[in-house]
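Please find below a colleague's note on the structure, arranged as numbered points. The remarks are meant to be read beside the sequence and the coordinates.

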Amino acid sequence: MKKPVTSSTPHRTSHMDGEERHLPFERNLRFAQWHVMVSILIIMAGVAGCAQTEQAKEVELSGFLGDYSILQPGKEGEALLLYKNPQADFSIYRAVYVEPAIVLISKQSTVPQEELHRLADDLRSKVIWKLKEDFLVVPKLVPGALQIELALTEAEPSDVGMDIVSTILPPAAMVSGAKKLATGTQAFVGRASIEAKLTDGNTGILLMAAADRRVGGRTLDGSIDSWDDAHQAFEYWADKLAQRLREWRRTPIPPTTN
């Protein structure tokens, strides 16, 4: 009499049931890993973007402009302190000369001098790049040119790690917000200040003078570069200067009254 053949099917079924019991866990694990990777990519995409700077409440004066009594508080969208010669006729200028930007930073700054001069060069380069849209930018001062002088009066990098943390985590963000209420600037962000003056290349008559300060905003954008807030401030100032000169060249001089 033949012995009954024992089927191995129940054993396979039991093994498959075990695998099936693990499938939901494995799917959840893979989903969690995928979610983490997507989150990292989103954050890194934001970090690689452009920083959003904002105007500070006040600016410390360096002495570069000399007589500050002529400056007045700027309106919305203007520099913190501004002077514009009411008789300045910007429509007569076709060429512009941008002097090499100088560094007038407090001796208390710990930023190396070579870094500060590199930043000053970047400021000048951004201004030249923007003005090329409307002017002939000349390599030296020539008769009839508009002369622009720039001074970098403050430059501080952001604390990259704390900038990101204070953006994401509520407690750190509260500390940063409290500092802004007290001082007008967020904690851990970069900052930069400049002073600028425009003069007639022939007569040396002052046409415009300004002092302004900008600080990094509370976003992830640009956090990967500690100097990104400063570079974005330079970009903003260069764009605003080009915009103002474009407007002033189209605006006729008001008639003088005797």
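**Notes on the structure**

1. A convenient place to begin is a strand pairing: Tyr-83 has Ala-209, in strand 9, as its bridge partner. The model is a predicted one, and this bridge belongs to the antiparallel pairing of strand 3 with strand 9 (residues 206–216), which extends over four bridges. Strand 3 (residues 81–84) also pairs with strand 2 (residues 72–73), again in the antiparallel sense but over two bridges, and here Gln-72 stands opposite Leu-82.

2. As to the overall composition, the protein contains five helices and nine strands, and from the N terminus on the order of the elements is α-β-β-β-β-β-α-β-β-α-α-β-β-α. Of the 258 residues in the protein, 40% are buried. Among contacts with a separation of 6 or more, 79% join residues that are 24 or more positions apart.

3. Which residues touch the most other members of the largest nonpolar core? In this core of 41 residues they are Phe-90, Leu-131 and Leu-245. At least two residues of the core come from each of strand 4, helix 2 (113–131), strand 7 (146–156), strand 8 (191–200), strand 9 and helix 5 (228–250), and the largest share, nine residues, is supplied by helix 5. In soluble globular proteins, nonpolar side chains tend to be buried together.

4. Leu-131 deserves a closer reading within that core. Leaving out residues up to four places away in sequence, Leu-131 touches Val-96, Val-98, Val-137, Ile-148, Ala-242 and Leu-245. There is also a second, separate core, made up of seven residues and including Phe-64, Leu-65, Leu-71 and Tyr-83; Tyr-83 is thus a member of this second core as well as the bridge partner of Ala-209.

5. The loop between strand 3 and strand 4 holds both Asn-85 and Tyr-93. Asn-85 has a relative accessibility of 13% and therefore counts as buried, the limit being under 20%. A polar atom of the Asn-85 side chain lies 2.9 Å from the backbone nitrogen of Gln-87, and, when neighbours within four places in sequence are left aside, Asn-85 is in contact with Ile-205, Leu-206 and Leu-207.

6. Is Tyr-93 buried or exposed? With a relative accessible area of 3%, Tyr-93 is buried. Its side chain makes a polar contact of 2.5 Å with the side chain of Asp-200, and Asp-200 is also listed among the residues that Tyr-93 touches beyond four places in sequence, together with Phe-135, Gly-144, Ala-145, Leu-146, Leu-207 and Arg-249. The C-alpha atoms of Tyr-93 and Gln-147 are separated by 10.0 Å, the two residues being 54 residues apart along the chain.

7. Gln-147 lies in strand 7 and is buried, with a relative accessible area of 11%. Setting aside neighbours within four places in sequence, Gln-147 is in contact with Tyr-97, Glu-99, Leu-141, Lys-197, Leu-198 and Thr-199. Between Gln-147 and Leu-206 there are 9.7 Å from C-alpha to C-alpha, at a distance of 59 residues in sequence. With Glu-99, Gln-147 forms a side-chain polar contact of 2.6 Å.

8. Glu-99, the partner in that polar contact, is found in the loop between strand 4 (95–98) and strand 5 (102–103). Why does Glu-99 count as partly exposed? Its relative accessible area is 23%, and partly exposed covers the range between the buried limit of under 20% and the exposed limit of over 50%, so Glu-99 falls in between. Beyond its neighbours within four places in sequence, Glu-99 is in contact with Arg-124, Gln-147, Ile-148 and Glu-149; Glu-99 and Glu-149 are 50 residues apart in sequence, while their C-alpha atoms are 5.3 Å apart in space.

9. The last point concerns the largest pocket, which holds about 380 Å³ of space. Its lining consists of 21 residues, and those nearest the centre are Ala-79, Ala-210, Trp-237, Lys-240 and Leu-241. Strand 8, strand 9 and helix 5 each contribute at least two residues to the lining, with helix 5 giving the most, seven residues. Helix 5 thus supplies the largest share of the largest nonpolar core and also gives the most to the lining of this pocket.

Technical notes
Residues numbered from 1 in each chain as written. Predicted model: local features only at pLDDT ≥ 70, side-chain atom pairs only at ≥ 80, totals over all residues. Heavy atoms only, no water. Buried < 20%, exposed > 50% of the residue type's maximum accessible area, 1.4 Å probe, protein only. Contact = heavy atoms within 4.5 Å. Pairing = 2+ DSSP bridges. Core = buried A, V, L, I, M, F, W, Y, C linked by side-chain atoms within 4.5 Å. Polar contact = N/O pair within 3.5 Å; in protein donor to acceptor, adjacent residues only side chain to side chain. 1 Å grid on protein atoms, 1.4 Å probe; cavity = no way out; pocket = protein on both sides within 12 Å on 5 of 7 lines; lining within 4 Å. Points joined across faces, edges and corners; volume = space filled by probe spheres on them.
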